[in-house]
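The following exercises are to be worked through with the sequence and the structure at hand. Each task is followed by a solution in steps.

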Amino acid sequence: MGNSILPFPDYPFVNSRELDRDALKRAGCFTTFRARINIRDNLANIGMIRADKDWATAKNQQWNSITVGCTFSPVGTAASFMFFECLPDRMEVLSYLNELGFLHDDDMETLDSELALNAHKRLRNALICEKDSEGKSPKSVAIMKKLFSAVVLDCLEIDLAAGRDVMRCYTDDWLKVLDTSSIPLTTLDEYFKYRFENVSLRTYWRMIAFGHGTPLSDEDFNLMSPLLDITARTYLLTNDLYSWPIEKYQNKDHIANAVFLYIKTQTMSEEEAITKVKQDVLDHEARFFLIRESFCKAHPDHPARLKKFVNVLEPSIGGYHYWCSTCPRHNSPKRIFPCVRMASTKRLKAMRPQLILYPGAPTPPS
Ligand SMILES: [Mg+2]
């Protein structure tokens with residue numbers, strides 16, 4: 001079990017409550033990390049739904065209350081776990097931004113890779129006020145531009161400095177990168193290197209800082225880099241494990257997942273590879289505690305903003321783990337079906353026994 005004492009006890013949590021370990025176990029979590037949820041999950045839920053409604057309205061689609069958001073789970077909205085210490089005045093907008101990010105990723109998944117790369121570039125250009133001269137964007141990208149611009153303005157209005165950092169990350173990192181190069185199927189380290197280039201965890205850190213109302217400098221990030229590196233690896237392994245049941249049906253050239261890496265490089269069966277990634281999650285969590293401990297010993301006199309940030313890392317990943325094990329996004333057919341829309345009926349039927357249904361889930365096609 002991990003540390004139960006805060007690394008910097010002089011900065012206790014005030015906007016969240018700790019989740020019962022038994023509840024985590026019942027949900028199938030095996031993390032040794034603690035998990036917390038923001039006490040205003042209702043606001044996060046409102047932000048998520050607002051993003052979905054805006055997206056549906058802009059696409060001339062009907063939003064209905066049965067539709068669940070990308071970041072929904074029956075135990076709480078993803079933002080409430082990932083940004084559990086978020087201040088009350090920005091919980092709704094942060095959850096909106098988080099949902100929009102997921103919607104954007106899903107939208108890109110439906111385009112072929114060259115089209116998606118161009119669309120991605122154009123969205124970035126729009127946000128950094130460069131002229132879009134590359135022809136017509138897909139309609140959904142134009143819609144996303146509008147929604148992003150509006151929510152970024154909301155963030156800036158709440159907190160100019162921290163909001164600007166979030167905007168910069170979205171344009172510089174998150175919107176710039178997209179899987180186009182081939183995924184290295186060599187070592188776990190090489191794989192992480194590739195993932196860090198393609199998944200902007202920096203955006204996540206900046207969103208956490210925005211939630212706290214305490215922007216961090218580049219020097220702050222450099223100082224914390226060993227700690228952020230192990231946190232990011234743990235996050236990615238957790239994501240890989242829980243998204244594998246869906247990702248395994250994607251185009252084999254585009255699967256970025258440690259389970260797939262082990263199947264390909266270590267001639268493991270799928271079951272063995274899953275067991276290995278589970279063990280990797282635990283090993284990385286154990287390493288996280290060691291690195292955090294030495295980091296805190298080496299830097300006892302951090303400014304408040306850093307102490308708070310170091311304190312939230314463990315429960316934010318623990319909470320993400322809990323969300324992953326409970327969300328329809330990773331556990332329901334609703335998301336599986338669009339991914340395999342090209343798959344044969346035979347394959348769909350073969351998948352059915354594996355589907356985990358949640359209350360209100362749509363009926364799988366027969
Ligand atoms: Mg994944």
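**Exercise 1: Helix α12 and its surroundings**

Just after helix α12, T267 has a positive phi of about 40°. The model examined here is a predicted one.

Task: Determine how many residues of α12 are buried, and which elements cover them.

Solution.
Step 1. Helix α12 spans residues 258-265, and six of its eight residues are buried, so the helix is described as mostly covered.
Step 2. The buried residues are A258, V259, F260, L261, Y262 and I263.
Step 3. The cover over these residues includes α8 (188-198), α11 and α13 (270-298).

**Exercise 2: Length and burial of helix α9**

Task: Compare the reach of α9 with the span expected at 1.5 Å a residue, and identify its buried residues.

Solution.
Step 1. Helix α9 comprises residues 201-212, 12 residues in total.
Step 2. The expected span is 1.5 Å times one less than the number of residues, which gives 16 Å for α9.
Step 3. From the first C-alpha to the last, α9 reaches 17 Å, close to the expected value.
Step 4. Of the 12 residues, 10 are buried: T203, Y204, W205, R206, M207, I208, A209, F210, G211 and H212.
Step 5. After α9 comes G213, with a positive phi near 75°.

**Exercise 3: The pairing of α11 and α14**

Task: Establish how the axes of α11 and α14 are oriented to each other, and which residues meet between the two helices.

Solution.
Step 1. The axes of α11 (residues 225-247) and α14 (residues 304-326) come within 10 Å and cross at roughly 5°.
Step 2. Angles under 35 degrees count as roughly parallel; α11 and α14 are therefore roughly parallel to each other.
Step 3. On the side of α11, the residues are L227, T231, T234, Y235, T238 and Y242; they meet V310, L313, I317, Y320, H321, C324 and S325 of α14.
Step 4. Sorted by class, this contact has eight nonpolar residues, five polar ones and no charged ones.

**Exercise 4: The nonpolar core and the whole protein**

Task: Find which residues touch the most other members of the largest nonpolar core, and place this core within the protein as a whole.

Solution.
Step 1. The largest nonpolar core has 81 residues, among which F81 and L94 touch the most other members.
Step 2. Apart from neighbours within four places in sequence, F81 contacts A35, I37, G76, G319, Y320, Y322 and W323.
Step 3. The protein has 366 residues, of which 42% count as buried, and it contains 17 helices and two strands.
Step 4. Among contacts with a separation of 6 or more, 73% join residues 24 or more positions apart.

How values were computed:
Residues numbered from 1 in each chain as written. Predicted model: local features only at pLDDT ≥ 70, side-chain atom pairs only at ≥ 80, totals over all residues. Core = buried A, V, L, I, M, F, W, Y, C linked by C-beta atoms within 7 Å. Buried ≥ 20, exposed ≤ 12 C-beta atoms within 10 Å, placed from the backbone. Contact = placed C-beta atoms within 7 Å. Axes fitted to C-alpha atoms, helices over the stretch in contact; angles between N-to-C directions. Helix = DSSP H or I, 4+ residues; strand = E, 2+ residues; numbered from the N terminus. Parallel < 35°, antiparallel > 145°, perpendicular 65-115°, else oblique. Nonpolar A, V, L, I, M, F, W, Y, C, P; charged D, E, K, R; others polar.
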